[in-house]
Every structure is written in C-alpha cells, then in structure tokens.
Amino acid sequence: MDSTDPREFNERWRMRLYAAQTDLIDDYGGCRRVVEKLSISKSQVGRWYGGVDRDSMPTPIVMALEGYVGRPLVSAIMVEFLDREITGGAGAGQQDHCLSALNADLVEAAGNMMVETVRAKADGVITPSEAQQLRKMSREISRIQASIDDRLARAEARDGGGISLVSGGQG
C-alpha cells in the first residue's frame, strides 16, 4: 500500500473485524466471562459480540483478550488491512501454530461437535438453541481447518523450507 493508493475501509473489512471480535470473545470463554473478568457492562460486551448495533472493541481490550487466548484474532485483520502479515511468535503462543497441535484441536473440536449433535438429536428435534450451538462449533472447526490449510499452503510455497511439525520450529 502506498500513499497514492489508500485502501478503503469498507463494510467487508468492518464485518471481518466484527466476526473476529466474536471469535475472540468465544475463545476467551464467552460474553459472561468477559463481563466478569474485565468488569465491563453486559450490554457493552453484547454490542461487541453481535446484534444490530455493533461496536468495535477498544484496542486495550483487544490486546488483553488476545494476550489471554494467545492468538491475534482481531489484530490480524487490522494488520492484513495494511497489507502486512503477522509472523513469528515465541513461548506458549508457538504451540498454537504447531501443525500437530492444530490437528489435535481439529480432532477435539470435531469430536465435541459429534457428541453435541447426538445429544441434540436425542429427542428427535434440534431446537434453535441447539442449532446455534452446533453452528458455533462448526465455525470453530472451520477456523481450525483454515489455519491448517494456511500453514500447509505456506509450506508448499517455500523453496525447500518445509514446515515444522513440532512446537518452536520454523514455519
């Protein structure tokens, strides 16, 4: 991006930020946990999470939540808007990016969804609430699959560099 060709912050970018906020709140443990741990009003957290009148999270809140979950969910969208990429990582956050850990997360998420699907179908009817929960689980599976695909695509694009299969390696 150069000064003569600024990117337009349009509705698509705004929706991506809002979706990342929702994912960040979910990864932290949900709206209730954000309210309890950060002493923020329920209505404010609700506006960050979804609904008709959405608000953007303040940067310090984004930083606090991303620091806790160990992933730059909202920050990554902001950096992408600037035509940049977040790379690297150290310590415990490195494990989140390890291919083996992502595969384990995928198996766990899919297993949890299978269990919840069986529970939801037990009475012969999937209620709107159960459907909402299953969709949330499905989105999490999709997020993990996208992370795996991204890691593999980056490895594929490297000239013989390969990909680390363990925490702390390159890639």
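**Exercise 1. Find which residues of helix α4 (residues 59-69) are buried, and work out how they are arranged around the helix.**

Step 1. Go through α4, which covers residues 59-69, and pick out the buried positions: I61, V62, L65, E66 and V69.

Step 2. Look down the axis of α4: these buried residues fall within an arc of 125°, so they line one face of the helix.

Step 3. A general rule helps here: an α-helix has 3.6 residues a turn, so residues three or four places apart point the same way.

Step 4. Now turn to the other side of α4, where P60, M63 and G67 are exposed.

Step 5. Finish by stepping just past the helix, to G70, whose phi is positive, at about 80°.

**Exercise 2. Describe the overall build of this predicted model, and say how confident the predictor is in it.**

Step 1. Count the elements: the protein has eight helices and zero strands. Read from the N terminus, their order is α-α-α-α-α-α-α-α.

Step 2. Check burial over the whole protein: of its 171 residues, 26% are buried.

Step 3. Take the contacts between residues at least 6 apart in sequence; 58% of them join residues at least 24 apart.

Step 4. Turn to confidence: the mean pLDDT is 81, and 81% of the residues reach 70 or more. Residues 1-5 stay under 50, and the model gives them three contacts beyond four places in sequence. Over residues 90-97 the pLDDT is also below 50, and this stretch has 14 contacts beyond near neighbours in sequence.

**Exercise 3. Work out what lines the second largest pocket and which helix gives the largest share of that lining.**

Step 1. Start with the space itself, a volume of about 210 Å³ for the second largest pocket.

Step 2. Locate its lining in the structure: T22, D26, G30, C31, Y49, S129, Q132, Q133, R135, K136 and R139.

Step 3. Assign residues to helices: α1 (11-28) and α8 (128-157) each supply at least two residues of this lining. The largest share, six residues, comes from α8.

Step 4. Sort the lining by chemistry: two residues are nonpolar, five are polar and four are charged.

**Exercise 4. Place N112 in the structure: which helix holds N112, and how far is N112 from L134?**

Step 1. Find the helix: N112 sits in α7, residues 99-121.

Step 2. Judge its exposure: N112 has a relative accessible area of 39%, and since partly exposed covers values from 20% to 50%, N112 is therefore partly exposed.

Step 3. Compare sequence and space: N112 and L134 lie 22 residues apart in sequence, and their C-alpha atoms are 9.7 Å apart.

Conventions:
Residues numbered from 1 in each chain as written. Predicted model: local features only at pLDDT ≥ 70, side-chain atom pairs only at ≥ 80, totals over all residues. Heavy atoms only, no water. Buried < 20%, exposed > 50% of the residue type's maximum accessible area, 1.4 Å probe, protein only. Helix = DSSP H or I, 4+ residues; strand = E, 2+ residues; numbered from the N terminus. Arc of directions from axis to C-beta. 1 Å grid on protein atoms, 1.4 Å probe; cavity = no way out; pocket = protein on both sides within 12 Å on 5 of 7 lines; lining within 4 Å. Points joined across faces, edges and corners; volume = space filled by probe spheres on them. Nonpolar A, V, L, I, M, F, W, Y, C, P; charged D, E, K, R; others polar. pLDDT = per-residue confidence, 0-100. Contact = heavy atoms within 4.5 Å.
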